[in-house]
Amino acid sequence: MELLWRAERRNTLITWPDAVNERLDQLVAAGIAAGENINRSHLLAALVVHADLSPEFIAGIMREYRALNSNALDETNRSAAEQWPAVRRPGPRRDSLRSKLGGEQPDSESSAINDAG
């Protein structure tokens, strides 16, 4: 029997507010602080799997989400960031790109800087 977390994968594009993205990073950091081997994908999958499937529950959390002030998570995210380890964001690091180029900026960045001047 195959474990669910090792089953076939599907890519999903999600767009959401920056504060929600930061909150996801903080949730991952909380898992790391608890000693878990965790990443964003596994955490999101676990939250979906354990979410209540009742229409009333879904309607309730959607109403609560839609009523949140745009900076409602900022203070919570900041205080959590002070307590837990930093989470590496997905994608290439800006520093690693520069080190591959011998400290030079990639063409797209240098042309953007030249265009601005």
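This report describes a predicted model of one protein chain, from its overall make-up to a few single residues.

**Basis**

Residues are numbered from 1 along each chain as its sequence is written, and side-chain values use heavy atoms, with hydrogens and water left out. In this predicted model, local features need a pLDDT of at least 70 and side-chain atom pairs count only at pLDDT 80 or more, while totals for chains, interfaces and linings use all residues.

**The chain as a whole**

The protein chain has six helices and zero strands. Helices (H or I, at least four residues) and strands (E, at least two) are DSSP runs, numbered from the N terminus. Along the sequence the pattern reads α-α-α-α-α-α. The average pLDDT, the predictor's confidence in each residue from 0 to 100, is 80 for the protein chain. A score of at least 70 is reached by 71% of the residues. Over residues 108–117 the pLDDT is below 50. Beyond near neighbours in sequence, this stretch has four contacts in the model. Contact means heavy atoms within 4.5 Å.

Of the 117 residues in the protein chain, 15% are buried. Buried means under 20% relative accessible area, exposed over 50%, and partly exposed in between (1.4 Å probe, protein chains only). Among contacts with a separation of 6 or more, 62% join residues 24 or more positions apart.

**Helix 1 and its surroundings**

Helix 1 covers residues 18–33, 16 residues in total. From first C-alpha to last it reaches 22 Å, close to the 22 Å expected at 1.5 Å a residue. That expected span is 1.5 Å times one less than the number of residues. Buried residues in helix 1 include Ala-19, Val-20, Asn-21 and Gly-31.

Leu-24 also sits in helix 1. Is Leu-24 buried or exposed? Leu-24 counts as buried because its relative accessible area is 4%. Leaving aside neighbours within four places in sequence, Leu-24 is in contact with Trp-16, Arg-40, Leu-43 and Leu-44.

Pro-17 lies in the segment before helix 1. Pro-17 is partly exposed, with a relative accessible area of 39%. Just after helix 1, Gly-35 takes a positive phi of about 90°. Ile-38 follows in the loop between helix 1 and helix 2. Not counting residues up to four places away in sequence, Ile-38 touches Val-28, Gly-31, Ile-32 and Leu-43.

Farther along, Asp-74 belongs to helix 4 (residues 74–83). Asp-74 is partly exposed, because its relative accessible area is 28%.

The table gives C-alpha to C-alpha distances for some pairs.

| Pair | Apart in sequence | Apart in space |
|---|---|---|
| Pro-17 and Ser-70 | 53 residues | 8.6 Å |
| Leu-24 and Leu-44 | 20 residues | 8.4 Å |
| Ile-38 and Leu-27 | 11 residues | 9.7 Å |
| Asp-74 and Glu-22 | 52 residues | 8.7 Å |

**The largest pocket**

Rolling a probe the size of a water molecule over the atoms shows where empty space is left. On a 1 Å grid over the protein atoms alone, a pocket is an open set of points where a 1.4 Å probe fits, with protein on both sides within 12 Å along at least five of seven lines. Lining residues have an atom within 4 Å of a point. The largest pocket has a volume of about 1000 Å³. That volume is the space filled by probe spheres set on the points, which are joined across faces, edges and corners.

Which residues lie nearest the centre of the largest pocket? They are Trp-16, Val-20, Leu-47, Ile-61 and Tyr-65, out of 24 lining residues. Helix 1, helix 2 (40–49) and helix 3 (55–67) are the elements that give two or more residues to the lining. Helix 3 supplies the largest share, six residues.

The lining divides into 19 nonpolar, three polar and two charged residues. Here Ala, Val, Leu, Ile, Met, Phe, Trp, Tyr, Cys and Pro count as nonpolar, Asp, Glu, Lys and Arg as charged, and the others, Gly among them, as polar.
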